[in-house]
Amino acid sequence: MPSGANSNYVNWPGFATGYNAWDYLTKELMPLIQGWFPSSSRREDNFIAGLSMGGNGAMQYAVGNPEKFAGAASLSNAPTDLKTPKYDGGGANALFNKRVENLVDNFGGLEGYVNSPINVWDRLPELQKAGTLPKLYFCCGSADPLIWEKYQIFKAHAKEIGLPAQFEEAEGYSHEWRFWDMFIEKALDALGIAKL
């Protein structure tokens with residue numbers, strides 16, 4: 001994933017001087033790469049992966065554009081149920097909470113937020129039923145203080161809805177490059193991408 005600059009990979013006119021991150025990847029960057037380099041625009045040749053916020057972005061793009069991606073990997077992140085945004089009232093998460101509040105406002109309130117591209121949680125069963133679900137891979141380190149609980153909640157939800165996704169964990173790893181360097185290789189294998 002390219003940097004999302006804390007935009008959550010959505011079109012956000014009120015972010016900085018305005019930032020259409022959702023449109024950027026599929027309407028600008030992918031066509032540019034496919035025009036300049038010998039790369040394919042066929043679904044079966046395109047995969048997307050990201051770490052941390054980029055993991056959420058990868059899932060948003062894969063679920064929001066299933067006709068473009070054969071698979072997606074989220075390293076150290078997982079979808080959440082957007083219908084009940086959780087705020088802890090301050091402390092270490094105060095900046096994160098403010099960003100979520102601003103995202104909700106960006107979509108005109110909770111209903112717009114729930115119906116935005118961020119909502120992967122509710123779209124997965126629809127794609128599964130339609131037979132258009134890309135191959136999905138999720139991983140997280142057990143010592144990741146930012147994501148581990150969220151990852152476990154989503155993993156339980158995936159089991160409950162019968163989501164055919166692959167999940168992997170590593171004991172003692174946190175939100176860190178040691179984990180991502182190791183697990184991007186595992187993600188490539190899980191998605192069936194041949195390594196050169």
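Which residues form a nonpolar patch on the surface? Select Leu32, Ile33, Trp36 and Phe37: together they make up this patch, with about 440 Å² of accessible area. Patches are made of residues with over 30% relative accessible area and no salt bridge, with like charges joined within 9 Å and nonpolar side chains (Val, Leu, Ile, Met, Phe, Trp, Tyr) within 5 Å. Accessible areas come from the Shrake-Rupley method with a 1.4 Å probe, and for residues only the protein chains shown count as cover.

The model is predicted, so local features need pLDDT of at least 70 and side-chain atom pairs count only at pLDDT 80 or more, while totals for chains, interfaces and linings use all residues. Residues are numbered from 1 along each chain as its sequence is written, and side-chain values use heavy atoms, with hydrogens and water left out.

**First stop: helix H1**

Select residues 21-36, which form helix H1. Helices (H or I, at least four residues) and strands (E, at least two) are DSSP runs, numbered from the N terminus. The expected span of a helix is 1.5 Å times one less than its number of residues. For the 16 residues of H1 that gives 22 Å, and the end C-alpha atoms, 21 Å apart, agree with it. At Leu29 the helix has a kink of about 30°, shortly before the proline Pro31; the bend at a residue is the angle between axes fitted to the seven residues ending there and the seven starting there.

Next, colour the buried residues of H1: Ala21, Trp22, Asp23, Leu25, Thr26, Leu29 and Met30. Buried means under 20% relative accessible area, exposed over 50%, and partly exposed in between (1.4 Å probe, protein chains only). The buried residues of H1 pack against strands E1 (11-12), E2 (19-20) and E3 (47-51), and against helix H2 (53-64). Beyond the helix, Phe37 of the surface patch is found in the loop between H1 and E3.

**Second stop: helix H2**

Move to H2, where the end C-alpha atoms are 16 Å apart, in agreement with the 16 Å that its twelve residues should span. Eleven of the twelve residues are buried, so H2 is largely enclosed by the rest of the structure. Among them are Met53, Gly54, Asn56, Gln60, Tyr61 and Val63.

**Third stop: salt bridges**

How many salt bridges does a search of the whole structure find? The search finds seven, a salt bridge being a side-chain nitrogen of Lys or Arg within 4 Å of a carboxyl oxygen of Asp or Glu.

Return to H1 and display Asp23 and Lys27, whose side chains meet in a salt bridge (3.7 Å, N to O). The two residues lie four residues apart, about one turn of the helix. Lys27 is exposed, at 59% relative accessibility.

Then select Arg42, Glu44 and Asp45, which are linked in a network of salt bridges. Between Arg42 and Glu44, the closest N and O atoms are 3.3 Å apart.

Finally, show Lys83 and Asp122, joined by a salt bridge of 3.0 Å, N to O. This pair links distant parts of the chain, 39 residues apart: Lys83 is in the loop between strand E4 (71-75) and helix H3 (94-106), and Asp122 in the loop between helix H4 (110-114) and helix H5 (124-130). Lys83 is partly exposed, at 39% relative accessible area, and Asp122 is also partly exposed, at 27%.

**Last stop: Pro164**

Select Pro164 in the loop between helix H6 (148-161) and strand E6 (165-170). Pro164 counts as exposed, at 52% relative accessibility. Leaving aside neighbours within four places in sequence, Pro164 is in contact with Gln128 and Leu133, where contact means heavy atoms within 4.5 Å.
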